[in-house]
Amino acid sequence: MSKKSQATAEAEIDEVLRRPAEQEYAAELEALRQNDQDPRPSNWQLSPRAVLAYVLGRKPLKAKIAGKSTEVAIRRKFFGDDTLVERAIVTLASERALLLVGEPGTGKSWLSEHLAAAICGNSTLVIQGTAGTTEEHIKYSWNIARVIAEGPRAENLIPSPSMVAMQRGALLRFEEITRCVPDVQDALVSLLSDKRIAIPELPGDSGVAARPGFNIIATANSRDQGVNQLSAALKRRFNYVHIPLIADKATEMEVVRERSAQLIAQYNIPKTLDTPIIELLTTVFREIRLGRSEEGVSLKSPSTTLSTAEAIGVALDAALHARYFGNGEVGAGTLARHLIGSLVKEDLADLASLKEYVTLVAKKRADGAKHWREFVQGAQTVLG
């Protein structure tokens, strides 16, 4: 690639709203690759130990990036039980596929993306499971106009992300697998068993066989488990790793701080959230989610899941509101006004959860704390 073409490509990457993990964290991946001395499974970009270091973070590494010697910080991407990540990596190095299961917003897709970026350098081979996903989305389809004119030929075939992953020996990400109907799910059985996609339309063609390194990372929301249950045959071909909600408050605060800061920077907002505001936001989410305050007051839990991802979304919304409609400072009152968008999704009756929380918990704390007083005032503007 010429210098001009490379510069054009880099400019196009900078203009996209969200870059894939392998581009966003390219320096970290390259630093790990240069320092990686451990054995690697076939077609893996990094060793399992280096993949773990990329996902969980480690001390900075010295590396040559863009021709210059530098020290690269390896940031933590996933906050949770380290052993879960180890199990996931071991599974992907084996013959079994990986299924990440958990409540909405627990970071399943985030972990899936980073595992794919570290292992095969490509996190964009994705199938999004929906009620409209067909077997063609999983295997292949045809350029109908060319088939009518020329007949079924190899060059007229449109490969699916699954087929591309098999040809490259890469990882396929299958999001929300339980949203697909059982007949479509069963198309995965042959892929996972035979590691091959047959193409009967091509006479004498033996199909596409997977290269070493091919595997599948699927995700499923635990709330969707009863929508379209996986068949017994498909369950046997997956190793399940359950991703729980973050149990530790300090860890959840760190996640909210880290991810909200990244998103705020992406939107060119000059100020991040202060620690007291992050603590208040995390506390509100945890107490309503758990149905119990830190003082032991029982609370009504809403029907929706107030996940860490939702808290990050509220933080970003509040920062944007402060940037464009306020003085730039994110206050507790702004958080309260945007909290309702995460709390009330399925049932307007969930407003009762916020009303109860404000009455039984927040108002008592407001007597001696400015931020809690602002939170109560902001909540009352949306509750009426």
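Two strands count as paired here if DSSP finds at least two bridges between them. With that in hand, welcome to a tour of this predicted model.

## The chain as a whole

The secondary structure of the protein chain comes to 18 helices and 11 strands. Along the principal axes, its C-alpha atoms fill a box of roughly 80 × 50 × 40 Å. Of the 384 residues in the protein chain, 46% are buried. Contacts that reach along the sequence are worth a look too: among those between residues at least 6 apart, 71% join residues at least 24 apart.

## The parallel sheet

An open sheet is built from 5 strands in the order β4-β7-β10-β3-β11, and the pairing is parallel. Its edge strands are β4 (126–128) and β11 (238–243), each of which pairs on one side only. On average, and with direction ignored, neighbouring strands of this sheet are turned by 20 degrees against each other.

Strands of a sheet pair through backbone hydrogen bonds, in either a parallel or an antiparallel sense. The table gathers three of the pairings in this sheet.

| Strand pair | Sense | Bridges | A residue pair |
|---|---|---|---|
| β4 and β7 (171–175) | parallel | 3 bridges | Q128 and E175 |
| β3 and β10 (215–221) | parallel | 5 bridges | L100 and T219 |
| β3 and β11 | parallel | 6 bridges | L100 and V241 |

How many residues of strand β3 (residues 97–102) are buried? The count is 6 of the 6, so β3 is largely enclosed by the rest of the structure. In a regular strand the side chains alternate between the two faces of the sheet. Both faces of β3 are covered: A97, L99 and V101 are buried on one side, and L98, L100 and G102 are buried on the other. L100 also has a partner in each of two strands, standing opposite T219 in β10 and bridging to V241 in β11.

At the β4 end of the sheet, helix α9 lies across β4 and β7 and runs at about 155 degrees to β7.

## S160, just before α9

Where does S160 sit? Its place is in the loop between β6 (157–159) and α9 (161–168). With a relative accessible area of 4%, S160 falls under the 20% cut-off and is therefore buried. A polar atom of the S160 side chain lies 2.6 Å from the backbone oxygen of K139. Leaving aside neighbours within four places in sequence, S160 is in contact with E136, H137, I138, K139 and Y140.

## Aromatic pairs

The count of aromatic pairs comes to 4. One of them joins Y25 and Y54 edge-to-face, at 6.2 Å centre to centre and with 85 degrees between the planes. Y25 lies in the loop between α2 (21–24) and α3 (26–35), and Y54 lies in helix α4 (residues 48–56), so this pair ties together parts that are 29 residues apart in sequence. Both Y25 and Y54 are buried.

Y140, already met as a contact of S160, has a ring partner in W142. Their ring centres are 6.0 Å apart and their planes stand at 90 degrees, so this pair is edge-to-face. Y140 and W142 are both buried.

Ring pairs also link Y357, W372 and F375 into a cluster. W372 and F375 bring us to the next stop, since both are among the buried residues of α18.

## Helix α18 and its surroundings

Helix α18 (residues 370–383) has 14 residues. From its first C-alpha to its last, α18 reaches 20 Å, close to the 20 Å expected at 1.5 Å a residue. Its buried residues are W372, F375, V376, G378, A379 and L383. These pack against three helices: α14 (275–290), α16 (332–343) and α17 (351–366). After α18 comes G384, whose phi is positive, near 80 degrees.

## G291, in the loop after α14

Is G291 buried or exposed? G291 lies in the loop between α14 and α15 (308–325), and with a relative accessible area of 12% it is buried. Leaving aside neighbours within four places in sequence, G291 is in contact with V297, S298, L299 and S301. G291 and P302 are 11 residues apart in sequence, and their C-alpha atoms are 8.7 Å apart in space.

Terms used:
Residues numbered from 1 in each chain as written. Predicted model: local features only at pLDDT ≥ 70, side-chain atom pairs only at ≥ 80, totals over all residues. Heavy atoms only, no water. Helix = DSSP H or I, 4+ residues; strand = E, 2+ residues; numbered from the N terminus. Buried < 20%, exposed > 50% of the residue type's maximum accessible area, 1.4 Å probe, protein only. Polar contact = N/O pair within 3.5 Å; in protein donor to acceptor, adjacent residues only side chain to side chain. Contact = heavy atoms within 4.5 Å. Axes fitted to C-alpha atoms, helices over the stretch in contact; angles between N-to-C directions. Expected span 1.5 Å × (residues − 1). Phe/Tyr/Trp six-rings, centres within 6.5 Å; stacked < 30°, edge-to-face > 60°.
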